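Here are my notes after a look through the model. Have it open beside you as you read.

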Number of protein chains: 2
Amino acid sequence: MSMFPEAVIIREVGPRDGLQNESKILPTEDKVAWIDLLSGAGLSYIEVSSFVNPRWIPPLADASEVFRNIRRVNEITYAALVPNSSGLERALAADVDEVVLFLSASESHNRKNLNRSIVESLHDCREVSHHALAAGLPVRAYISTTFGCPYEGRVPVDISLSIAETLLEAGIYEISFADTIGVANPLQVSQFLDRALDVVGQDSMALHFHDTRGTGLANVLTGLEYGVFKFDSAVGGLGGCPYAPGAAGNIATEDLLYMLHGMDIHTGINYDRLMDSAVFIRDQYNERHLPSHALQAT
Amino acid sequence: MSMFPEAVIIREVGPRDGLQNESKILPTEDKVAWIDLLSGAGLSYIEVSSFVNPRWIPPLADASEVFRNIRRVNEITYAALVPNSSGLERALAADVDEVVLFLSASESHNRKNLNRSIVESLHDCREVSHHALAAGLPVRAYISTTFGCPYEGRVPVDISLSIAETLLEAGIYEISFADTIGVANPLQVSQFLDRALDVVGQDSMALHFHDTRGTGLANVLTGLEYGVFKFDSAVGGLGGCPYAPGAAGNIATEDLLYMLHGMDIHTGINYDRLMDSAVFIRDQYNERHLPSHALQAT
């Protein structure tokens, strides 16, 4: 019926979005071992860590050390979240391949998460991206709460798109529109894309879904039907947001792969090796039930 | 983009498909209390139990007693699974509103599940439906393993459709094509419907997905895009199949509702009251992690 993209690019966000919300802090050597497993699975993109102030997100305080110790594969982009100029300095020192910025589409979530207004955050994003681009690094950005805010509910599409336009003008090459709290449904995604693709073409568009209410892959399917070919996911279905109550994990990379490969959509990722990395991380969190479906089906 | 049905009919299969695979046997009075809660939530159809030989499925051995004790609402269809003529006798004695037959699209699963060949099962189905129709009861049927068999893998669409034709000719009004082990993906569902809707029109078509690999609601979405408007689901995401290793639960009714209502598709079901019934059944299985997403998000 619909035409789907022939290939999809997966942005693996488990080591950052996945681990940042876990109460158990993973030892650095386990993170490094896990990321090396992810590299071996054929992923082309891994969001390795975050250079936010370690006091904010203690589970990712070892970002520099993780970057120093992972075994880098040439073809893989090892990216890092960066909140501001001092974060960028640390990121540059760690020799990251790509800088990822973030802000929210809703004022209250942005204030909780970044302690400033959206306009102030946009100013910061422009400044940081300017320096990152000057240093030769590509810059990507998240717009959190695009599909709903834990404090404000539905967020007007106009706001996300206006933020996106500003970011693209600043030279940011890709915007990941995030359903931070996992409330989106396929009709909403469809209505969003009806408008968003006029502002942000497929090449600059990524979608970031959480599977909080079981609609994660249905939302991806809607994206595919619109020709979107870049999706964020986290091995194990890890993740959430410390400032978004009730947010469950990202869609699990292995679930996404299962669906895409079953639909004859190419990803370049080896499913079995990716599952090995999922089993590895499950074993680190053996007291917590990870939301990945594929992990439970094996 | 796509046109979705304005309204969807949900076949609640939790009390039968959900409970039959649980190792903990729910006391009859708890089943009755649960089904009464389901009736109060606005469901129009509840598959209450199964009149298979109690030795096969001990958790449902009390089918007659459950039917005797539930508080029936006039507009609701209280259906029961029936494997053969002696099961039908018990079902008629229990005054069921509708008879549900079942067989598999794959020979080996049918033998494991029913101890006979598909052709023998088709003969039984015709015989039982003949008697049920003569007694004035509508008859529905499952074709299990339509989208995959734990022993044979992919099952040719032709086989399911040939079985469906025979069942429709026997006066069965609705066929539920079941992804018993939860392997289907949206492309497969789309390819199935491309052919199946010529044989089984929307009015006689139901889809029955399990969420074993996270694709449950994505598969539903594909069905909706084809105008399918009848779906099976189980509150709590309970369920599975005792003869299908690795089969996880049905799609959770509350997850399905969340998606449908979010898409402005009418179901007649009260989400909050349905969630109450989900919380009730979760409390009965408090040591087992139910797969429902919505239950974890609340």
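**Notes on the two-chain model**

1. The secondary structure of chain A adds up to 12 helices and 8 strands. Keep in mind that this is a predicted model.

2. On overall shape, the C-alpha atoms of chain A fit in a box of roughly 50 × 45 × 35 Å along the principal axes. A compact globule of 298 residues would have a radius of gyration near 19 Å, and the 17 Å of chain A agrees with that. Buried residues account for 58% of the 298 residues in chain A. Among contacts in chain A with a separation of 6 or more, 75% link residues 24 or more positions apart.

3. How do the chains relate? A turn of 180° with a shift of 0.0 Å along the axis lays chain A on chain B, with an RMSD of 0.0 Å. That is the relation of a two-fold axis. Within chain A, A218(A) comes closest to the rotation axis, its C-alpha sitting at 1.9 Å. The copies meet through the same surface, because 100% of the interface residues of chain A are also interface residues in chain B.

4. Have a look at helix α9 of chain B, residues 216-225: 10 of the 10 residues are buried, so the helix is largely enclosed by the rest of the structure. Those buried residues include A218(B), N219(B) and E225(B). Just after α9(B), G227(B) has a positive phi of about 85°.

5. The largest nonpolar core has 198 residues, and the members touching the most others are A80(A), V99(A), A141(A), A80(B), V99(B) and A141(B). Beyond its neighbours within four places in sequence, V99(A) contacts residues including A80(A), L88(A), A132(A) and V139(A).

Key:
Residues numbered from 1 in each chain as written. Chains lettered and ligands numbered in written order. Predicted model: local features only at pLDDT ≥ 70, side-chain atom pairs only at ≥ 80, totals over all residues. Buried ≥ 20, exposed ≤ 12 C-beta atoms within 10 Å, placed from the backbone. Helix = DSSP H or I, 4+ residues; strand = E, 2+ residues; numbered from the N terminus. Core = buried A, V, L, I, M, F, W, Y, C linked by C-beta atoms within 7 Å. Contact = placed C-beta atoms within 7 Å. Least-squares fit on C-alpha atoms with pLDDT ≥ 70 in both. Rg over C-alpha atoms; globule rule 2.2 N^0.38 Å.
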